[in-house]
Structure formats: C-alpha cells, structure tokens
Amino acid sequence: MSPKSLTMLIGGELTLREVSKPSPEFYFDLVAPTFKKADLVFAHLELAHTKNYKGARGYAPRPVDNLRGIPYAGIHAVSMGFGGEDTIRDTTEWLDEHKIAHVGSAMNINEARKPLIIERDGTRFGYLFFQCVHPYAAGFNRPGAAYVDIISNYLAGAMPGSPSTPYTAAEHWSLEAMREDIRALRPKCDVLVAAIHKGRHYYQEIILHDYEFEVSHAAIDAGADIIVGNHAHQLSGVEFYKGKPIIHCVGNQIGRASCRER
C-alpha cells in the first residue's frame, strides 16, 4: 500500500433522466470542482442508457448522451444494477469508450460477479455490486446484476384490518455467493467497497429493514471495508459495524426532481 494519503469520494445515485436542457454537464457544475480534486470518485448509475431508448426494454432507459456529465464531473467509476441486453450493452460500451470503469450489470451472472479493481499510487481499490430490490438478477444466459435474494414475510396485526409487520431476511445461498465474491476479492485489493442496492425508496419516513443489516454485516464479516448503499434516494444513516462504515444509502447525487426538463 502506498504511504501517500489518497482521497476516495463516494458520489450519490445518478438518475439521469431528461437532462438535455441546458446540457447533461450542467447538473454536475457545482460538484465537479470537488470531485476533480479526489484521487478516485465512485458513484451509482441508477438507470440504464441506450441508443434506442424509446424502444428499449427495462426500467426507464434513457439516451446514452445523458451520460456525458459523468466524465465531466470527474467520476472515475460507477456501479450498475439494471437489466436488459440492449441497455447493458449500450451503457457499458459508452462507459468503456469514455474510460469510466464500471461494476455490476453484465450479460450473464459470471460477468456480473466480476470485481472492479482500480489502482492509485500502489493502493488497490476493489469494488463489487449486489442487487437486492429489483428483479434484474443475472443468470447464466440472462443479463442483469449479481444479487442477494430477499425473503419477505408479513405478520398480521392483532386486530382485523390492522397493519401487518414485515420481516425480511436474505436467502442463504445467494448470501453465501456474495460472501464468496468478497472473500475472493479480499487478497487482491487494499480497500474493498461493496455497493448494495437495498431498502425502500421515496418514503418520507426512513426505515431500515432487517435484511439491510443482515446483508451489510455479512459483507463486512466476509472482508468488505466500506458498504455503500443505494436505492432509497435519500441519506438513510451511517452505521459503524466492527469499526467499518455502512452508508445505508448515500442519497441522490442527481435526483429525479432535478433531472426534469427545464
């Protein structure tokens, strides 16, 4: 590991919807000077982007030109958790062409489980991504993301019609697959970041479900140094477990409200 002090910044969720006015770069103007001073900036790309976005399948695909703000801002790497063969292909091709590293969604499960390793002055930063909330699980012949399956159970209220209480837990084998990926990456890097798409989004009340603690703690027990949560689109608290930070959700960097046409 390099004796030099290095700065890694964690950017928030990038929901790059209709950002053509005045330009995709405009939305990063305020944060770009800070990002460009860092040695490494990692953020989460929330939506898929494609050349034919109006005819593409998948969740809210957007034109690839919206991605221009990412290199402009000084972001070096992103995690991705969406599905769709055309959207994954077009998004990753654009990112590769513009030298933006990426981890997460890929054409099959083997590719989706591959880690990203970036070196800065002799220090190796390793990244993995795991999807917990959307049905974009990759398979042997299906594009998507590496994942941890979550099981939900609901306990009925004491009175008829009263609200039920949800209980959530990670499915054993997919949780173990996450552990295996982290354990395999551990000796190959000095700083290991696990990005986890989890929680519930756009609720005024911030509630962390049981599985969010379970999956995050399991990742650190397996060797992760930092947990970067995303999906809730709002800052959802920071926990320290065995001295290591769990950012349960970073929140929006570029959010839905700020990405409407102006």
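Four short exercises on this predicted model follow, each with a worked solution.

**Exercise 1. The chain as a whole**

Task: State how many helices and strands the chain has, and what share of its residues is buried.

Solution:
- Step one is the element count. The chain has 6 helices and 15 strands.
- Next comes burial. The chain holds 262 residues, and 52% of them count as buried.
- Then take the surface. About 12400 Å² is accessible, with 53% of that area belonging to carbon and sulfur atoms.
- Last, look at the contacts with a separation of 6 or more. Of these, 69% join residues 24 or more positions apart.

**Exercise 2. Helix α3**

Task: Compare the reach of α3 with its expected span, then find what covers its buried residues.

Solution:
- Helix α3 runs over residues 85-97, which makes 13 residues.
- From first C-alpha to last, α3 reaches 18 Å, close to the 18 Å expected at 1.5 Å a residue.
- Now list the buried positions of α3: Thr87, Ile88, Asp90, Thr91, Thr92, Trp94 and Leu95.
- Their cover includes the strands β2 (40-45), β3 (49-50), β5 (77-80) and β6 (101-104). Helix α2 (69-73) is also part of the cover.
- Finish with what comes after the helix. Lys99 follows α3 and has a positive phi, near 60 degrees.

**Exercise 3. The nonpolar cores**

Task: Identify the residues with the most contacts inside the largest nonpolar core, and the elements that give it two or more residues.

Solution:
- The largest nonpolar core has 28 residues. Val148, Met178, Ile182, Val215 and Ile227 have the most contacts inside it.
- Two or more residues each come from α4 (109-112), β8 (123-131), α5 (172-185), β11 (191-197) and α6 (210-222).
- The largest share is that of α6, with 6 residues.
- Take Ile227 and set aside its neighbours within four places in sequence. Its contacts are Ala194, Ile196, Ser216, Ala219, Ile220, Pro245, Ile246 and Ile247.
- Another core lies apart from the largest one. It has 25 residues, among them Val31, Ala38, Val41 and Ile75.

**Exercise 4. Gln131**

Task: Decide whether Gln131 is buried or exposed, and find what its side chain reaches.

Solution:
- Place the residue first: Gln131 sits in strand β8.
- Apply the cut-off, under 20% relative accessible area. Gln131 has 1% relative accessibility, so Gln131 counts as buried.
- Trace the side chain of Gln131. It reaches the backbone oxygen of Gly81 at 2.7 Å. It also reaches the backbone nitrogen of Val133 at 3.2 Å.
- Leave aside neighbours within four places in sequence. Gln131 is then in contact with Gly81, Ala145, Ala146, Tyr147, Val148 and His197.

Notes
Residues are numbered from 1 along each chain as its sequence is written. This is a predicted model: local features need pLDDT of at least 70, side-chain atom pairs count only at pLDDT 80 or more; totals for chains, interfaces and linings use all residues. Side-chain values use heavy atoms; hydrogens and water are left out. Helices (H or I, at least four residues) and strands (E, at least two) are DSSP runs, numbered from the N terminus. The expected span of a helix is 1.5 Å times one less than its number of residues. Buried means under 20% relative accessible area, exposed over 50%, partly exposed in between (1.4 Å probe, protein chains only). Contact means heavy atoms within 4.5 Å. A nonpolar core is a set of buried Ala, Val, Leu, Ile, Met, Phe, Trp, Tyr and Cys residues joined through side-chain atoms within 4.5 Å. Accessible areas come from the Shrake-Rupley method with a 1.4 Å probe; for residues, only the protein chains shown count as cover. A polar contact is a pair of N or O atoms within 3.5 Å; within protein, one must be able to donate a hydrogen and the other to accept it, and residues adjacent in sequence count only if both atoms are side-chain atoms.
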